[in-house]
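Here are a few exercises to work through with the model open beside you. Try each task before reading its solution.

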Amino acid sequence: CVSIREGKGSRRGEGRDTRRSTHQESNTRGRRRDAMQVELGLCDGVVESKRRKNRTKNKCKGWNEKGGNVQADANETMQTTGFQAFLGRVLFSAVFLSAGINKAQELWSNGGVQTMQYMKPKLDALAVQLAGTVGQAAPLATLAQYYQYLLVAACVMEIVGPLMFMLGSDHGARIMALFLAGVTPIMHNFWNAQGMEKMIEMIMFMKNVSMLGALLMYLGMKSDKSKKEKED
């Protein structure tokens with residue numbers, strides 16, 4: 001009986017040990033499974049993170065869905081637009097620059113006699129009109145001594161302004177706008193002319209007014225652009 005009991009006890013102990021080992025193995029397998037799932041999850045997270053980073057980099061580089069480089073296209077467009085703007089400034093400034101050079105050559109050769117013959121009657125008429133508003137006589141002989149300085153100033157403005165404008169300076173546009181605002185109503189006063197001269201002066205007047213409007217529009221657009229850049 002004792003031996004039978006001992007055999008039963010030993011078998012019960014072995015059964016308990018077996019159950020314990022089986023339970024431990026199942027726990028170990030569960031831990032390994034959990035660890036593998038965690039590792040797989042981490043790997044998936046790393047891969048997804050890398051994919052997101054790559055997508056972000058590609059977006060930052062400006063690649064579109066077709067594989068074209070948007071940034072390169074934008075740079076090319078900016079270069080083309082910049083060249084067109086430069087060419088436009090050159091063509092716009094050509095009329096001022098050629099007139100200024102011609103006046104300077106005439107001043108150098110004969111003191112600007114031909115241009116002074118055109119300027120003097122118009123400046124005298126302006127002086128008489130201004131003097132009449134204050135009830136005094138215009139000292140035309142005294143004023144005529146300073147007309148040549150006005151011609152020199154016009155030459156400088158017609159040469160310096162266009163050159164600065166061609167190089168992209170806003171001050172060049174301001175100089176040309178100031179020149180047009182001062183010269184147009186004085187030199188092209190078509191309301192005091194008659195016949196064919198009136199028609200010619202009206203055409204010149206409207207031409208200068210349209211150029212003045214273009215310069216003012218250019219300065220306004222540049223001002224708006226600079227304000228937006230400051231806000232950004």
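**Exercise 1. The overall fold**

How many helices and how many strands does the protein chain have?

Solution. Keep in mind that this is a predicted model. Start with the count: the chain holds 7 helices and 0 strands. Next, go along the sequence, and you read off α-α-α-α-α-α-α. Then turn to burial: of the 232 residues, 21% are buried. Last, check the contacts with a separation of 6 or more: 64% of them come from residues 24 or more positions apart.

**Exercise 2. Two helices that cross**

Work out how H5 and H6 cross, and which residues meet there.

Solution. Take the geometry to begin with. The two axes come within 7 Å and cross at roughly 145°, and the crossing is left-handed. Now list who touches whom. H5 brings Ala154, Met157, Glu158, Gly161, Pro162, Met164 and Phe165, and these meet His171, Gly172, Ala173, Ile175, Met176, Leu178 and Phe179 of H6. Sort the residues of this contact by type and you get 10 nonpolar, 3 polar and 1 charged.

**Exercise 3. The largest pocket**

Find the volume of the largest pocket, then describe its lining.

Solution. The volume comes to about 650 Å³. There are 26 lining residues, and those closest to the centre are Lys103, Glu158, Phe179, Val183 and Met187. Which elements give two or more residues to the lining? They are helix H2 (70-110), helix H3 (113-133), helix H5 (147-166), helix H6 (170-187) and H7. By type, the lining splits into 18 nonpolar, 5 polar and 3 charged residues. Two of the central names should ring a bell: Glu158 and Phe179 also appear in the H5 and H6 contact.

**Exercise 4. The second largest pocket**

Do the second largest pocket in the same way.

Solution. Its volume is about 470 Å³. Of the 16 residues in the lining, Ala85, Arg89, Tyr218, Met221 and Lys222 lie nearest the centre. Here H2 and H7 are the elements that give two or more residues. The tally by type is 9 nonpolar, 4 polar and 3 charged.

**Exercise 5. A single residue**

Place Met202 in its helix and decide on its exposure class.

Solution. Met202 sits in H7, which covers residues 195-231. Its relative accessibility is 37%. Buried needs under 20% and exposed needs over 50%, so Met202 counts as partly exposed. For a neighbour check, take Asn189, 13 residues away along the chain: the two C-alpha atoms are 7.7 Å apart.

Conventions: Residues are numbered from 1 along each chain as its sequence is written. This is a predicted model: local features need pLDDT of at least 70, side-chain atom pairs count only at pLDDT 80 or more; totals for chains, interfaces and linings use all residues. Side-chain values use heavy atoms; hydrogens and water are left out. Helices (H or I, at least four residues) and strands (E, at least two) are DSSP runs, numbered from the N terminus. Buried means under 20% relative accessible area, exposed over 50%, partly exposed in between (1.4 Å probe, protein chains only). On a 1 Å grid over the protein atoms alone, a cavity is a set of points where a 1.4 Å probe fits but cannot get out, and a pocket is an open set with protein on both sides within 12 Å along at least five of seven lines; lining residues have an atom within 4 Å of a point. Grid points are joined across faces, edges and corners, and a volume is the space filled by probe spheres set on the points. Ala, Val, Leu, Ile, Met, Phe, Trp, Tyr, Cys and Pro count as nonpolar, Asp, Glu, Lys and Arg as charged, and the others, Gly among them, as polar. Axes are lines fitted to C-alpha atoms, for helices over the stretch in contact, and angles run from 0 to 180 degrees between N-to-C directions. A crossing is left-handed if the near helix is turned anticlockwise from the far one by less than a right angle, and right-handed if clockwise. Contact means heavy atoms within 4.5 Å.
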